[in-house]
Amino acid sequence: MAMTQTELLHELEPVVAGELDRHHTMAKEWFPHEYVPWSEGRDFDGVYGGEAWQESQSKLPDAARVSLIVNLLTEDNLPSYHHEIATTFGRDGAWGTWVHRWTAEEGRHGVAIRDYLTVTRAVDPVALERARMVHMENGFATEYGTMLQQLAYVSFQELATRIAHRNTGRASGDEGCERLLARIAADENLHMLFYRNLLKAAFELDPNQTMRAVTDVVTTFQMPGASIEGFTRKAMIIANEGIYDLRLHLDEVLMPVLKQWAVFDKTGLDAEGERAREELSGFLARTEATAAKFVARREERRARAAALR
């Protein structure tokens, strides 16, 4: 019989405690203010009568600017994320300690990115604040109803976020921006390892239910910022620049994590577990074909653009 969520939470508690110890030994203390070039700052118009923002003041390429805005607005919804994982995992014992530790670490990311963008005048601060208000008023609610589904989701999502931050920094062409986002990406990687290892332990406890959860998440995955206003257009700009696209999602997020869990090597699955794995395999094959087509078309567009220059 499938284990209940309460049973899984209880059985995974020692694993959470062990992963917390590992996380504390690997996590490095850092301070957002040290990654912001404060000497570049000056007053904006308004209360202090400074200079209004103009697009010409930004040193960042358009695609990197769009990606930074999406990344920051995604980080801004931290209160909703905290609510979701605290509700699912609880606030007691090792689970609760992790929930609060994770929230504290994630809180640095939005602070640092916003300060950097504001001080360097990389984006319109008025438009950014209005977008933040709209996005946070909408909030975030997980579409996944089980603890295993949520563990699977954050395993993939943390890795996806790491890659998005890292590639955005590279696309910015700005040394300070790249340094900051590399630091944030390092946090996200540790978060991914925590969740990935928990889900691996869950496979040992209830392989069939865990396989179903993984398949459910992989086949419906969306980034947590998908509710950002104009997200589809922004995501296409980001994908066309190669910052984050379906090819990267498949090759650098889905497949490495699935390999770590050895999902296609599991033995002893029941009929439902096998059905879930077959469904997962079919989805990955279709995604491979779609990703290949996207990359080919993008290269064709780039070649045509280069020929016209």
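**Notebook: surface patch and four residues**

I looked for charge on the surface and found a patch of positive charge formed by Lys293, Arg297, Arg301 and Arg304. I note that the model is predicted.

Arg297. I took this member of the patch and placed it in helix H11, which spans residues 271–308. I read its relative accessibility as 51%. Exposed means over 50%, so Arg297 counts as exposed.

Arg233. I found this residue in helix H9, residues 231–240. Its relative accessible area is 52%, so I entered Arg233 as exposed. I also checked its separation from Val66: the two are 167 residues apart in sequence, and their C-alpha atoms are 9.9 Å apart in space.

His191. I located it in helix H7, which runs over residues 175–205. Is His191 buried or exposed? I got a relative accessible area of 0%, so His191 is buried. I then listed its contacts, leaving aside neighbours within four places in sequence. His191 is in contact with His23, Trp98 and Trp102, and also with Glu105, Glu106 and Glu158.

Trp53. I traced this residue to the loop between helix H1 (5–26) and helix H2 (62–76). Which residues does Trp53 touch, not counting those up to four places away in sequence? I recorded Phe44, Ser58, Arg65, Arg121, Ala122, Val123, Asp124 and Pro125. For Trp53 and Val126 I noted a C-alpha to C-alpha distance of 8.7 Å, with their positions 73 residues apart in sequence counted as the separation.

Key: Residues are numbered from 1 along each chain as its sequence is written. This is a predicted model: local features need pLDDT of at least 70, side-chain atom pairs count only at pLDDT 80 or more; totals for chains, interfaces and linings use all residues. Side-chain values use heavy atoms; hydrogens and water are left out. Helices (H or I, at least four residues) and strands (E, at least two) are DSSP runs, numbered from the N terminus. Buried means under 20% relative accessible area, exposed over 50%, partly exposed in between (1.4 Å probe, protein chains only). Contact means heavy atoms within 4.5 Å. Patches are made of residues with over 30% relative accessible area and no salt bridge: like charges are joined within 9 Å, nonpolar side chains (Val, Leu, Ile, Met, Phe, Trp, Tyr) within 5 Å. Accessible areas come from the Shrake-Rupley method with a 1.4 Å probe; for residues, only the protein chains shown count as cover. A salt bridge is a side-chain nitrogen of Lys or Arg within 4 Å of a carboxyl oxygen of Asp or Glu. Lys and Arg count as positive and Asp and Glu as negative; His and the chain ends are not counted. The place of a charge is taken as NZ of Lys, CZ of Arg, CG of Asp or CD of Glu.
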